[in-house]
Amino acid sequence: MTGLLVAGLVVSVAVADSVGDVAWGLLATLGGYLAGLLALQVGMLVGAVVLGVSVRTVVVGVGPRVADWSSARRVVVLRAVPVFLSVSIAPGRAPVRGRMWGAALCSALAGIAATAGLAAVGVVLAVASGLTVAHALVPRKTAAATSTGWLLANLLRLTGDQAAQLAAAPVVKQAVDATLDGDLDTADRLCEQLRDQYPTLKTARAARVLVHQARGRYAEGLALAMAMIDEQSPADAAPFFAALAGLACDTVEAGVLDAAVGLPTAQNAIEAAEALGYPAYKLTGTKAHHALLTGDIRQAITLARRSLETNDDRLGRVDDLVTLARARMADHDNRGAREAIDEAERTAPWWPRVRATRARLEVA
């Protein structure tokens with residue numbers, strides 16, 4: 001964003017006749033940047049819908065959450081300032097690679113078309129949009145995101161484990177969706193199928209970790225997650241460390257793992273995930289849970305509320321609400337705790353932390 005504004009300022013100064021022209025140029029730079037982003041995301045969304053790619057998350061705007069429409073398969077969020085569109089896709093129906101590559105191509109073509117259209121309106125608009133689209137088309141993959149350019153350059157020529165992960169993706173998706181629906185018997189059956197077909201595949205094993213967590217089998221999930229981390233390269237390990245941190249907190253909370261062992265494990269995993277590039281805001285909920293378990297109740301409440309503002313993951317929000325409920329109980333605010341757990345129950349009444357917290361509140 002800063003680089004685009006600097007580029008826009010340079011172009012604005014070059015073509016401006018007055019200070020006012022420079023100011024309008026900066027506004028045009030911002031407008032071109034937003035237009036380029038919007039075109040890329042709309043192209044991705046349309047391509048995904050048409051080609052059968054799974055759309056996991058659609059976020060409209062920035063700032064405080066105004067409304068959301070959540071299901072096991074998709075989360076749609078409206079935020080207070082509707083200036084951005086963010087679309088997250090995942091493998092859907094087979095053939096996975098061709099469909100996802102086509103969605104990425106739609107995104108690229110939409111961005112290029114928007115830039116060409118803006119060229120007829122103003123040079124600064126077109127430059128800002130063009131830079132935005134060009135940046136998206138640079139192949140790069142990090143712990144936080146994968147660019148459109150990376151999808152276009154690499155999807156169709158993947159081999160080995162990466163190709164196998166995409167081949168297994170439809171069944172992995174079914175297992176995850178069944179878990180999110182609370183249909184744990186189906187999720188278990190699908191995970192057994194994955195274990196038979198892809199015994200070492202990390203996405204298949206990650207689905208098993210999620211099912212262990214949904215069953216309340218935290219020790220099994222923690223052991224599997226730790227084994228998987230040992231097998232990852234530093235470039236791929238960040239999300240596994242993030243998952244390990246959350247599982248360690250769950251295992252301590254359930255009384256399965258001693259806090260003297262589990263809490264340092266969780267803290268080290270949080271720090272490792274951040275060091276490897278995992279977005280810090282995605283760890284806020286885990287930090288809230290860790291603060292609760294260490295007795296820092298006020299910090300737990302603050303972090304849980306902050307995570308609820310930024311977290312668009314369905315079960316992640318449920319965990320944030322449970323942490324908030326438990327922190328309010330510890331703060332002698334059972335009314336506030338009931339409000340939080342009521343909201344969590346509307347999404348996932350079967351989630352182990354929800355059930356355990358409701359039981360504690362009923363006793364209280």
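The following dialogue examines how terms such as buried, exposed and salt bridge apply to this predicted model.

Student: Why is Thr-251 called buried?

Tutor: The relative accessible area of Thr-251 is 2%. Buried means under 20%, so Thr-251 belongs to that class. Thr-251 sits in helix H10, which spans residues 234–253.

Student: What makes the approach of the Thr-251 side chain to the backbone oxygen of Leu-247 a polar contact?

Tutor: The side chain of Thr-251 comes to 2.6 Å from that oxygen. The cut-off for a pair of N or O atoms is 3.5 Å, and the value of 2.6 Å lies within 3.5 Å, so the distance condition is met.

Student: Which residues is Thr-251 in contact with, leaving aside neighbours within four places in sequence?

Tutor: They are Tyr-218, Ala-219, Leu-222, Val-256 and Leu-257.

Student: Is His-290 buried or exposed, and how do you know?

Tutor: His-290 has a relative accessible area of 12%. Since buried means under 20%, His-290 is buried. His-290 is part of helix H12, residues 284–293. A polar atom of the His-290 side chain lies 3.1 Å from the backbone oxygen of Leu-263. With neighbours within four places set aside, His-290 is in contact with Cys-249, Leu-263, Ala-266 and Gln-267.

Student: How do you know whether Cys-249 is buried or exposed?

Tutor: Cys-249 has a relative accessible area of 1%, and buried means under 20%, so Cys-249 is buried. Cys-191, at 5%, is buried by the same cut-off.

Student: How many disulfides does the structure hold?

Tutor: The structure holds 0 disulfides. A disulfide requires a pair of cysteine sulfur atoms within 2.5 Å, so no pair here meets that condition.

Student: Why is the pair Asp-188 and Arg-215 called a salt bridge?

Tutor: The N to O distance between their side chains is 2.7 Å. The rule asks for a side-chain nitrogen of Lys or Arg within 4 Å of a carboxyl oxygen of Asp or Glu, so the pair qualifies. Asp-188 lies in helix H7 (residues 184–197) and Arg-215 in helix H8 (residues 202–215), so this salt bridge ties together parts that are 27 residues apart in sequence.

Student: What makes Asp-188 and Arg-215 partly exposed?

Tutor: Asp-188 has a relative accessible area of 22%, and Arg-215 has 33%. Partly exposed covers the range between the buried limit of 20% and the exposed limit of 50%, so Asp-188 and Arg-215 fall in that class.

Student: How do you know that Arg-217 forms a salt bridge with Glu-220?

Tutor: The closest N and O atoms of Arg-217 and Glu-220 are 3.6 Å apart. The limit is 4 Å, so the pair meets the rule. Arg-217, at 28%, is partly exposed, as is Glu-220 at 42%.

Student: What makes Glu-345 and Arg-358 a salt bridge?

Tutor: Their side chains meet at 2.8 Å, N to O, which is within the 4 Å limit. This pair links distant parts of the chain, with Glu-345 in helix H15 (residues 334–347) and Arg-358 in helix H16 (residues 352–363), 13 residues apart. Glu-345 is partly exposed at 25%, whereas Arg-358 is buried because its 15% is under 20%.

Student: Which residues are joined into one network by salt bridges that share partners?

Tutor: The network joins Asp-185, Asp-188, Arg-215, Arg-217 and Glu-220. The count for the structure comes to 20 salt bridges.

Student: Why is Val-50 called exposed?

Tutor: Val-50 has a relative accessible area of 64%. Exposed means over 50%, so the term applies to Val-50. Val-50 is found in helix H2, residues 19–51. Together with Leu-38, Val-42 and Val-46, Val-50 makes a nonpolar surface patch of about 350 Å².

Student: Why is Leu-152 called partly exposed and Leu-224 buried?

Tutor: Leu-152 has a relative accessible area of 23%, which lies between 20% and 50%, so Leu-152 is partly exposed. Leu-224 has 11%, which is under 20%, so Leu-224 is buried. Leu-152 belongs to helix H5 (residues 148–154), and Leu-224 to helix H9 (residues 218–230). Beyond residues up to four places away, Leu-152 touches Trp-101, Ala-104, Leu-105, Ala-108 and Leu-137. Leu-224 is in contact with Arg-205, Arg-208, Val-209 and His-212, neighbours within four places being left aside.

Key
Residues numbered from 1 in each chain as written. Predicted model: local features only at pLDDT ≥ 70, side-chain atom pairs only at ≥ 80, totals over all residues. Heavy atoms only, no water. Patch = residues over 30% accessible without salt bridge, like charges linked within 9 Å, V, L, I, M, F, W, Y side chains within 5 Å. Areas by Shrake-Rupley, 256 points an atom, 1.4 Å probe, with all protein chains shown as cover. Helix = DSSP H or I, 4+ residues; strand = E, 2+ residues; numbered from the N terminus. Buried < 20%, exposed > 50% of the residue type's maximum accessible area, 1.4 Å probe, protein only. Polar contact = N/O pair within 3.5 Å; in protein donor to acceptor, adjacent residues only side chain to side chain. Contact = heavy atoms within 4.5 Å.
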